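Trainee: Please take one part of this model and go through it with me closely, working outward from there to the rest of the chain. I would like the reasoning spelled out wherever a residue is called buried or exposed.

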Amino acid sequence: EKWDSMTRRWRDNSIVQLVRLFLIDEVHVIKDESRGATLEVVVSRMKTVQSSLCRLLENHDTVPPLRFVAVSATIPNAEDIAEWLSDSKMPAVCLKIDEEQRPVKLRKIVLGFPCSDKQTEFKFDLTLNYKIASIIQTYSEQKPALVFCATRKGVQQAASVFAKEAKFLLSMEQKQR
């Protein structure tokens with residue numbers, strides 16, 4: 001969102017014109033209802049900046065190409081994203097790193113919880129937040145754990161509940177502080 005506002009008047013902003021590497025972390029956000037359009041606009045604008053600079057400086061000097069690096073742990077259509085990031089001069093390379101190439105193997109636990117007919121989806125998500133602490137305690141073996149949430153607001157809610165429920169993770173000294 002900040003880069004979107006900085007690049008709206010990119011012709012007046014020399015910093016934007018100096019960018020040579022554009023890292024798109026969590027590119028799967030592109031499908032998010034509230035933030036996806038902004039990401040799409042920003043990437044499209046950066047592609048426009050690059051092509052405009054190449055045309056402007058075509059006869060004088062060569063502009064080093066703007067490289068896009070898009071990363072995601074969960075995107076199912078990486079080839080489509082690569083095609084979108086490609087241009088006629090430089091096609092994108094799509095690298096898929098599978099689990100076997102990880103230096104530390106992941107252990108995945110999938111648990112299912114029923115949602116009653118009387119419960120709204122919102123309330124169901126909230127009830128799941130109260131289960132996180134005990135699930136981590138049961139399965140983490142005192143090692144780091146990742147909890148995925150569907151939205152930014154969901155992360156904030158889960159973190160708030162978890163912070164209250166996670167007292168078992170603190171030593172006595174930490175609890176006193």
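Mentor: A residue counts as exposed when its relative accessible area is over 50%, as buried when that area is under 20%, and as partly exposed in between. Leu 146, with a relative accessible area of 70%, is therefore exposed, and that way of reading a percentage will serve for every residue below. Please keep in mind throughout that this is a predicted model.

The part I would choose is strand β1, together with the pocket that it helps to line. To place the strand, note that the protein chain holds eight helices and two strands, and that from the N terminus these elements follow one another as α-α-β-α-β-α-α-α-α-α, with a helix standing between the two strands in that order. Strand β1 covers residues 21–25, and its partner, strand β2, covers residues 67–71. The two strands run parallel and are joined by five bridges, and within this pairing Leu 21 stands opposite Arg 67 of β2.

The two faces of β1 are not alike in their surroundings, since Phe 22 and Ile 24 make up a covered face, whereas Leu 21, Leu 23 and Asp 25 make up an uncovered one. Two of these residues, one from each face, return in the second largest pocket, where Ile 24 and Asp 25 are among the lining residues nearest the centre, along with Glu 1, Arg 35 and Leu 39. Rolling a probe the size of a water molecule over the atoms shows where empty space is left. The volume of this second largest pocket is about 300 Å³, and 13 residues line it in total. Strand β1 gives the largest share of that lining, namely four residues, while helix α1 (2–7) and helix α3 (36–56) also supply at least two residues each. Sorted by class, the lining comprises seven nonpolar residues, five charged ones and one polar one.

Just beyond the strand comes Glu 26, which sits in the loop between β1 and α3. Most residues other than glycine have a negative phi. Glu 26, although it is not a glycine, has a positive phi of about 60°. Its relative accessible area is 36%, so Glu 26 is partly exposed.

The two helices that share the pocket lining with β1 are worth a closer look as well. In helix α1 you find Met 6, which at 34% relative accessibility falls into the partly exposed class. Once neighbours within four places in sequence are set aside, Met 6 is in contact with Asn 13 and Val 16, and although Met 6 and Val 16 are 10 residues apart in sequence, their C-alpha atoms are 7.8 Å apart in space. In helix α3 you find Arg 45, a residue that counts as buried because its relative accessibility is 16%. Leaving out residues up to four places away in sequence, Arg 45 touches Asp 4, Thr 7, Arg 8 and Trp 10; Asp 4 and Thr 7 belong to the range of α1, so these contacts link α3 with α1.

From here we can move along the chain. Ser 86 lies in the loop between α4 (78–85) and α5 (121–129), and with a relative accessible area of 19% it is buried, since the limit is under 20%. Its contacts outside the four-place neighbourhood are with Lys 47, Pro 91 and Ala 92. Leu 126, in helix α5, is partly exposed at 26% relative accessibility, and its C-alpha atom is separated by 7.8 Å from that of Gln 157, 31 residues away along the chain. Leu 146, the exposed residue we began with, has its place in the loop between α6 (132–139) and α7 (152–165), and its C-alpha atom is 9.6 Å from that of Lys 108, 38 residues apart in sequence.

For the chain overall, buried residues make up 22% of the 177 residues. Of the contacts between residues at least 6 apart in sequence, 59% join residues at least 24 apart. The accessible surface comes to about 14,000 Å², with 55% of it belonging to carbon and sulfur atoms.

Conventions. Residues numbered from 1 in each chain as written. Predicted model: local features only at pLDDT ≥ 70, side-chain atom pairs only at ≥ 80, totals over all residues. Heavy atoms only, no water. Buried < 20%, exposed > 50% of the residue type's maximum accessible area, 1.4 Å probe, protein only. Contact = heavy atoms within 4.5 Å. Areas by Shrake-Rupley, 256 points an atom, 1.4 Å probe, with all protein chains shown as cover. Pairing = 2+ DSSP bridges. 1 Å grid on protein atoms, 1.4 Å probe; cavity = no way out; pocket = protein on both sides within 12 Å on 5 of 7 lines; lining within 4 Å. Points joined across faces, edges and corners; volume = space filled by probe spheres on them. Nonpolar A, V, L, I, M, F, W, Y, C, P; charged D, E, K, R; others polar.
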